[in-house]
Amino acid sequence: MTVESENGEPTPWVLGIIVGASCALFAAFVLVGVYQLIGGILPVLGIAAVLVVAGGLGWTLWEFRARPVWRWVVWGLLLGFLAGVASSIALLALGRPPAA
């Protein structure tokens, strides 16, 4: 399914959503992995590391959100960063110890 954009080129919604979902899963898993790795030392330090990684990469990627191909990757990664931060906070709140 494609829809014409304002410049006359078709917008590949299906492939874009697949790319965005893949990037979101990747980013969420990476952030939970960072939490598991650093949270083994001190869980609050793991949350701080996740926030630093998500904030730094999110701030950097924000400039690419309007580019035709990169927009799918950027929005997927940003959603993945939100999911990863929320998952890490949930793991901390549940008291689940990081894997040894």
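Two residues are said here to be in contact when they have heavy atoms within 4.5 Å of each other. The structure is a predicted model, in which local features need pLDDT of at least 70 and side-chain atom pairs count only at pLDDT 80 or more, while totals for chains, interfaces and linings use all residues. Residues are numbered from 1 along each chain as its sequence is written, and side-chain values use heavy atoms, with hydrogens and water left out.

The secondary structure of the protein consists of 3 helices and 2 strands, arranged from the N terminus in the order β-β-α-α-α; helices (H or I, at least four residues) and strands (E, at least two) are DSSP runs, numbered from the N terminus. Of the 100 residues in the protein, 31% are buried, where buried means under 20% relative accessible area, exposed over 50% and partly exposed in between (1.4 Å probe, protein chains only). Among contacts between residues at least 6 apart in sequence, 57% join residues at least 24 apart.

The largest nonpolar core, a set of buried Ala, Val, Leu, Ile, Met, Phe, Trp, Tyr and Cys residues joined through side-chain atoms within 4.5 Å, contains 17 residues, of which Leu31, Val50, Leu77 and Phe81 touch the most other members. Helix H1 (13–39), helix H2 (43–61) and helix H3 (70–94) each supply at least two residues of this core, and H3 gives the most, with 7 residues.

Helices H1 and H3 pack at an angle of about 35°, with their axes 6 Å apart; these axes are lines fitted to C-alpha atoms, for helices over the stretch in contact, and angles run from 0 to 180 degrees between N-to-C directions. The residues of the contact of H1 with H3 divide into 18 nonpolar, 8 polar and no charged, with Ala, Val, Leu, Ile, Met, Phe, Trp, Tyr, Cys and Pro counted as nonpolar, Asp, Glu, Lys and Arg as charged, and the others, Gly among them, as polar.

Leaving aside neighbours within four places in sequence, Leu31 is in contact with Val50, Val53, Ala54, Gly80, Phe81, Gly84, Val85 and Ser88. Ser88, found in helix H3, is buried, with a relative accessible area of 0%, and, with the same neighbours set aside, is in contact with Leu31, Val32, Tyr35, Ile47 and Val50. Gly84 also has its place in helix H3 and counts as buried at 0% relative accessibility; beyond its neighbours within four places in sequence, Gly84 is in contact with Ala28, Leu31 and Val32. Gly84 and Val50 are 34 residues apart in sequence and 8.0 Å apart in space, C-alpha to C-alpha.
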